[in-house]
Amino acid sequence: MSKNIKSLASVHKSPPVHWVGDGLPVSTALSHHQFGEAVSPFLLLDYAEPYLVEPSLTPRGVDEHPHRGFETVTVVYQGELEHRASGGNHGRIGSGEVQWMTAGSGVVHEEKYSEAFTQKGGWLEMVQLWVNLPAKDKMSSPGYQTLTKSQIPEISLDDGAGLVRVIAGQFEQTQGPAKTFTPVNLWDLRLNAGGSTTLRVPAGSMMALFVLKGEAWVNETAHVLTKDLALFESEGEEVSLSAVKESVVLVLSGQPIQEPVTAYGPFVMNTQQEIVQALSDYRSGKMGHI
Ligand code: MN
């Protein structure tokens with residue numbers, strides 16, 4: 001093995017599913033609450049595994065709620081979501097698309113099935129990540145990046161091993177479209193059965209793999225299955241992955257934000273006082289309404 005190897009720290013099974021609103025059955029595979037600084041700059045990874053939505057007249061999802069102090073990143077694998085926010089932002093994201101929302105100083109939004117998806121029904125599958133912001137950017141203006149399929153570069157891996165879609169950061173020589181405040185890599189990796197690849201990140205990076213589907217060997221020694229989260233040590237730069245079955249893996253990595261985290265529901269700040277301020281600003285309508 002290369003001396004640059006990034007050692008596996010731990011593998012975790014996803015906890016049972018809970019409902020977010022009335023439309024999103026999710027399993028929280030990664031959270032700051034559980035793992036603390038080891039997963040910085042990430043705060044949360046919620047996975048909504050494939051769920052068959054019956055046709056209906058009323059869109060389901062999550063009603064109006066606020067966020068402050070971080071970014072929410074929604075990766076849609078199947079189905080279609082529609083988003084409405086304070087400040088007038090309104091958009092849809094479908095299969096293969098990503099919404100990278102900077103809540104910053106405060107957003108009030110709703111996340112629902114789109115009208116067309118509600119009427120037609122079908123499979124829904126998505127990931128929502130929460131990415132922390134450094135203290136200096138927590139109160140920046142809200143922003144929305146809708147990353148369409150054609151904006152996300154797709155790279156074929158050597159030897160027909162599969163492909164990588166670079167959502168954020170850099171994979172080998174290819175840059176992803178998402179603008180991030182701190183260095184963050186987000187790669188949608190698809191490996192064919194028997195396909196192998198080596199993932200390289202800068203030394204000192206936090207790194208995690210979440211297996212949406214499949215079965216693979218990590219660093220030739222550890223076996224991961226569907227809904228497993230693998231966390232790596234910060235030392236080293238290379239992780240090898242060999243798929244036993246066709247696999248879909250979300251690869252997260254980034255530079256840790258070495259600052260205190262105080263989280264309260266949809267607000268993630270540095271101090272308790274800032275949380276109290278966030279609650280007060282939300283209640284007095286300073287984060288706006290849809
Ligand atoms: Mn939200």
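**Figure 1. A closed space inside the model.** About 60 Å³ of space lies in the largest cavity of this predicted model. The structure holds 1 cavity of 30 Å³ or more. Rolling a probe the size of a water molecule over the atoms shows where empty space is left. Look around the walls of the largest cavity and you will meet H32, G36, E37, S40, P41, F42, L43, N132, I257, E259 and V261. Two of these lining residues, S40 and P41, are joined by a cis peptide bond, with omega at about 20 degrees. P41 itself sits in the loop between helix 1 (32–35) and strand 4.

**Figure 2. The manganese ion and its protein donors.** Which residues hold out donor atoms to the manganese ion? They are H65, H67 and H109, each through NE2, and E111 through OE, at 2.1 to 2.3 Å from the ion. Try finding them in the sequence: the donor residues are spaced H-x1-H-x41-H-x1-E. Both H109 and E111 are buried.

**Figure 3. The largest pocket.** Now turn to an open space, with a volume of about 450 Å³ in the largest pocket. The lining of this pocket is made of 31 residues, and V62, H65, H67, E111 and Q128 are the ones nearest its centre. H65, H67 and E111 may look familiar, as they are also among the donors of the manganese ion. Many strands help to build the wall: strand 2, strand 3, strand 4, strand 5 (61–67), strand 7 (80–85), strand 8 (90–94), strand 11 and strand 12 each give at least two residues to the lining.

**Figure 4. An open sheet of 7 strands.** Follow the strands across this sheet and you will read the order 2-3-4-11-6-9-12, with antiparallel pairing. Strand 2 (18–20) and strand 12 (143–147) are at the edges with a single partner strand each, so one side of each has no neighbour in the sheet. From one strand to the next, the twist averages 25 degrees. Strands of a sheet pair through backbone hydrogen bonds, either parallel or antiparallel.

**Figure 5. Partners inside the sheet of 7 strands.** Let us walk through some of the pairs. Strand 3 (residues 24–31) and strand 4 (residues 42–53) are antiparallel and share 4 bridges; here S27 has Y47 of strand 4 as its bridge partner. Strand 4 also pairs with strand 11, again in the antiparallel sense, over 9 bridges. In that pairing, D46 stands opposite Q128 in strand 11. Strand 6 (residues 70–78) is antiparallel to strand 11 too, over 8 bridges, and F70 has N132 of strand 11 as its bridge partner. Is strand 11 (residues 122–132) largely enclosed or largely open to the outside? Because 10 of its 11 residues are buried, strand 11 is largely enclosed by the rest of the structure.

**Figure 6. An open sheet of 4 strands.** Here the order is 5-10-7-8, and the pairing is antiparallel. Strand 5 and strand 8 stand at the edges with a single partner strand each, so one side of each is left without a neighbour in the sheet. The twist averages 20 degrees from one strand to the next. Strand 5 and strand 10 (residues 107–113) run antiparallel and are joined by 5 bridges, with V108 of strand 10 as the bridge partner of P66. Strand 7 and strand 8 likewise run antiparallel, with 5 bridges between them; E82 has R92 of strand 8 as its bridge partner. Because 5 of the 7 residues of strand 5 are buried, that strand is largely enclosed by the rest of the structure.

**Figure 7. T118 and its surroundings.** T118 belongs to helix 2 (residues 115–120). Why does T118 count as buried? Its relative accessibility is 2%, and buried means under 20%. Leaving aside residues up to four places away in sequence, T118 touches E54, P55, S56, L57, T58, P59 and Y113.

**Figure 8. Two loop residues with a positive phi.** Most residues other than glycine have a negative phi, and most peptide bonds are trans. E220 is not a glycine, yet its phi is positive, at about 65 degrees. This residue lies in the loop between strand 19 (206–218) and strand 20 (222–225). K227, also not a glycine, has a positive phi of about 70 degrees and is found in the loop between strand 20 and strand 21 (228–232). E220 counts as exposed at 63% relative accessibility, whereas K227 counts as buried at 18%.

How values were computed:
Residues numbered from 1 in each chain as written. Predicted model: local features only at pLDDT ≥ 70, side-chain atom pairs only at ≥ 80, totals over all residues. Heavy atoms only, no water. Donors = N, O, S within 2.8 Å, 3.2 Å for Na, K, Ca; no water. Buried < 20%, exposed > 50% of the residue type's maximum accessible area, 1.4 Å probe, protein only. Contact = heavy atoms within 4.5 Å. Pairing = 2+ DSSP bridges. Axes fitted to C-alpha atoms, helices over the stretch in contact; angles between N-to-C directions. 1 Å grid on protein atoms, 1.4 Å probe; cavity = no way out; pocket = protein on both sides within 12 Å on 5 of 7 lines; lining within 4 Å. Points joined across faces, edges and corners; volume = space filled by probe spheres on them.
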